[in-house]
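Please follow the chain with the sequence beside you and the model open, since the paragraphs below move from single residues to cores and then to packed helices.

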Amino acid sequence: MILEQIVARSRVDLEQRKLEVPLAEVQERAAAQMPARDALVALRARDAVHVIAEVKRASPSKGLLAPNFDPVGLARTYEASGAALISVLTEPHFFQGAPEYLTAIKQAVKLPVLCKDFLYDEYQIYEARAWGADLVLLICALLDDVQLRHLLRVAASLGMQALVEAHSAPEVQKAVEAGASIIGVNSRDLRTFEMHPGLIRELRPLIPTECVLVAESGIHSAADARRLAHYNVQALLVGESLVTASDIPGQLSQLLRGANEDVQVKICGLSQEQHVKTVLEAGADLFGLVFYEPSHRYVTPERARELVEALGPQHAHIEAVGLFVNKESEFINEVAERVGLDIVQLHGNESPDFCQLIRRPVIKAIHMREASDLSKLQEYRGITWRMLLDTPSSGWGGSGKTHDWELAQAAAHTQRSFLAGGLQPENVAEAIARVHPWGVDVSSGVESAQVKDEAKIRAFVAQARGCSQK
């Protein structure tokens with residue numbers, strides 16, 4: 001196992017350093033540092049997703065990443081391009097890092113600096129502070145409960161924060177119970193270095209909202225950043241895609257844009273495998289399955305499961321949303337579990353209390369008729385994952401009627417919301433420009449004769465993407 005190999009070599013190196021520099025001396029050096037920069041403040045600044053940009057020369061899985069390696073120049077580029085924190089690999093054998101890189105970077109930038117290494121001994125925490133680190137990485141897979149709590153206390157005594165990294169539900173529980181303020185979910189298995197893109201989807205519900213959530217590994221594109229923004233992360237820790245980029249500022253800019261500016265696109269009312277795959281290939285972020293029987297878009301739970309399973313591993317890159325109207329909570333939860341839904345959309349008279357009975361993130365549809373309807377949004381604040389602003393109609397579900405965009409703009413300004421109603425490839429760019437929604441939702445606008453039209457789906461996504469990237 002790669003992790004065991006790294007730790008075994010780290011233990012040998014640590015014992016040698018302890019012989020060369022006693023703990024008391026390292027503690028003195030740590031105490032002599034200027035106060036640590038506040039990483040929590042940096043990560044909680046503004047209602048935005050930040051990037052922790054990593055100075056990384058190599059990795060065990062990819063080998064040498066940056067042949068012409070200039071750690072200080074790289075860190076300065078990150079800072080100038082909008083990074084919130086700098087992460088520095090200090091492990092020398094597998095990642096070709098060095099403590100000297102961290103010290104030089106800390107002196108060259110004004111951002112908080114993370115010491116990223118395989119830490120298990122309090123001596124290493126004092127070392128990291130002596131090198132200038134403002135926060136340290138603590139990996140749950142390396143530490144038992146007692147060790148994790150102890151190292152968190154040592155870091156806090158030095159004024160440092162800790163990014164506590166988890167790879168499973170038990171590890172998330174360990175981090176939460178230890179009192180971690182910053183929790184990272186690493187989609188890369190440190191034992192095999194295989195990627196699990198859907199891991200953060202599974203673990204997000206276990207992480208308290210008051211914790212800062214950092215998504216780690218496998219973040220290469222605006223689409224990756226946009227997907228992770230679904231989970232209300234506060235930061236993306238990115239290394240490989242930055243150090244290997246020919247245009248580092250451009251790469252960092254596209255990740256920040258994807259997480260913070262790109263509009264999420266949802267195509268609803270799918271019933272055929274080919275249409276689901278088209279939605280995925282076109283670059284949409286979510287697809288909707290209708291469980292409202294009066295609708296011509298209705299699918300049975302069995303059919304819905306077939307559609308989700310048809311995606312295979314690609315399901316990690318798009319969210320399955322189930323639309324329900326005034327159904328019992330037990331039924332909704334059972335269908336969500338059986339089908340493999342990621343999100344539930346409620347389109348009826350469901351109350352805030354009812355929404356809390358649903359064991360999936362909830363999109364609650366509100367029919368906006370007049371300014372007084374804005375007060376309805378407040379009733380669901382902090383309860384639902386997102387709101388959906390729909391046009392009033394005599395029935396439930398899509399009406400095909402265009403929304404009052406001025407009213408929708410006022411609503412979207414107060415909460416992260418999807419805009420729906422009358423959208424189509426020809427007007428979605430204008431709608432986004434006027435309303436500035438978090439996402440757009442379309443069904444009839446990408447149909448011909450009540451059947452999904454693949455050309456319209458592609459055109460709709462392209463128009464929405466083009467608008468959000470201007």
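Leu135 lies in strand E6, which covers residues 135–139, and in this predicted model Leu135 has a relative accessible area of 2%, so it is buried, a label that applies under 20%. Leaving aside residues up to four places away in sequence, Leu135 touches Ala39, Leu85, Pro112, Val113, Leu114, Cys115, Met160, Gln161 and Ala162. Lys116 is 19 residues from Leu135 along the chain, and the C-alpha atoms of Leu135 and Lys116 are separated by 8.8 Å.

From this buried residue one may turn to the nonpolar cores. The largest nonpolar core has 99 residues, and those with the most contacts inside it are Tyr78, Ile86, Ile105, Ile125, Val136, Leu138 and Leu236. Which helix gives the most to this core? That helix is H6, residues 122–131, which gives six residues. Leu138, one of the residues with the most contacts inside the core, touches Leu119, Ile125, Leu143, Leu148, Leu151, Leu152, Ala162, Leu163, Val164 and Glu165, when residues up to four places away in sequence are not counted. Apart from this core there is a second, separate one of 54 residues, which includes Val362, Leu377, Val435 and Val446.

Leu377 of that second core also appears among the neighbours of Thr414, which touches Leu377, Gln378 and Arg381 when residues up to four places away in sequence are set aside. Thr414 belongs to helix H18, residues 405–414, and with 33% relative accessibility Thr414 counts as partly exposed. Thr414 and Gln378 are 36 residues apart in sequence, while their C-alpha atoms are 8.7 Å apart in space.

The next topic is the packing of helices. Two packed helices are described by the angle between their axes and the distance between the axes. Helix H4, residues 71–80, and helix H12, residues 248–260, pack at an angle of about 40°, with their axes 9 Å apart, and H4 and H12 are therefore oblique to each other. H4 passes H12 in a right-handed crossing, and the contact is made by Leu74, Thr77 and Tyr78 on the side of H4 and by Ile248, Pro249 and Leu252 on the side of H12. By class, the residues of this contact of H4 with H12 are five nonpolar, one polar and no charged. Tyr78, which takes part in this contact, is also listed among the residues with the most contacts inside the largest nonpolar core.

H4 also packs with helix H5, residues 99–108, at an angle of about 40° and with the axes 9 Å apart, which makes H4 oblique to H5. The crossing in which H4 passes H5 is right-handed. Here Pro71, Val72, Ala75, Arg76 and Glu79 in H4 meet Tyr101, Ala104, Ile105 and Ala108 in H5, and the contact of H4 with H5 has seven nonpolar, no polar and two charged residues. Ile105, a member of this contact, is another of the residues with the most contacts inside the largest core.

Further along the chain, helix H13, residues 273–282, and helix H14, residues 301–310, pack at an angle of about 40°, with their axes 9 Å apart, and are therefore oblique to each other. H13 and H14 cross in a right-handed manner, and their contact is made by Glu273, Val276 and Lys277 of H13 together with Arg303, Glu306, Leu307 and Ala310 of H14. How many of the residues in the contact of H13 with H14 are charged? The count is four charged, with three nonpolar and no polar.

Two loop residues remain, and both concern the backbone angle phi. Most residues other than glycine have a negative phi. Arg46, however, has a phi near 60°, a positive value in a residue other than glycine, and Arg46 sits in the loop between helix H3 (39–44) and strand E1 (50–55). With a relative accessible area of 64%, Arg46 is exposed. Asn232, also not a glycine, has a positive phi of about 55°, and its place is the loop between helix H10 (222–229) and strand E10 (235–238). Asn232 counts as partly exposed, at 27% relative accessibility.

Terms used: Residues numbered from 1 in each chain as written. Predicted model: local features only at pLDDT ≥ 70, side-chain atom pairs only at ≥ 80, totals over all residues. Heavy atoms only, no water. Axes fitted to C-alpha atoms, helices over the stretch in contact; angles between N-to-C directions. Helix = DSSP H or I, 4+ residues; strand = E, 2+ residues; numbered from the N terminus. Parallel < 35°, antiparallel > 145°, perpendicular 65-115°, else oblique. Left-handed = near helix turned anticlockwise from the far one by under 90°. Contact = heavy atoms within 4.5 Å. Nonpolar A, V, L, I, M, F, W, Y, C, P; charged D, E, K, R; others polar. Core = buried A, V, L, I, M, F, W, Y, C linked by side-chain atoms within 4.5 Å. Buried < 20%, exposed > 50% of the residue type's maximum accessible area, 1.4 Å probe, protein only.
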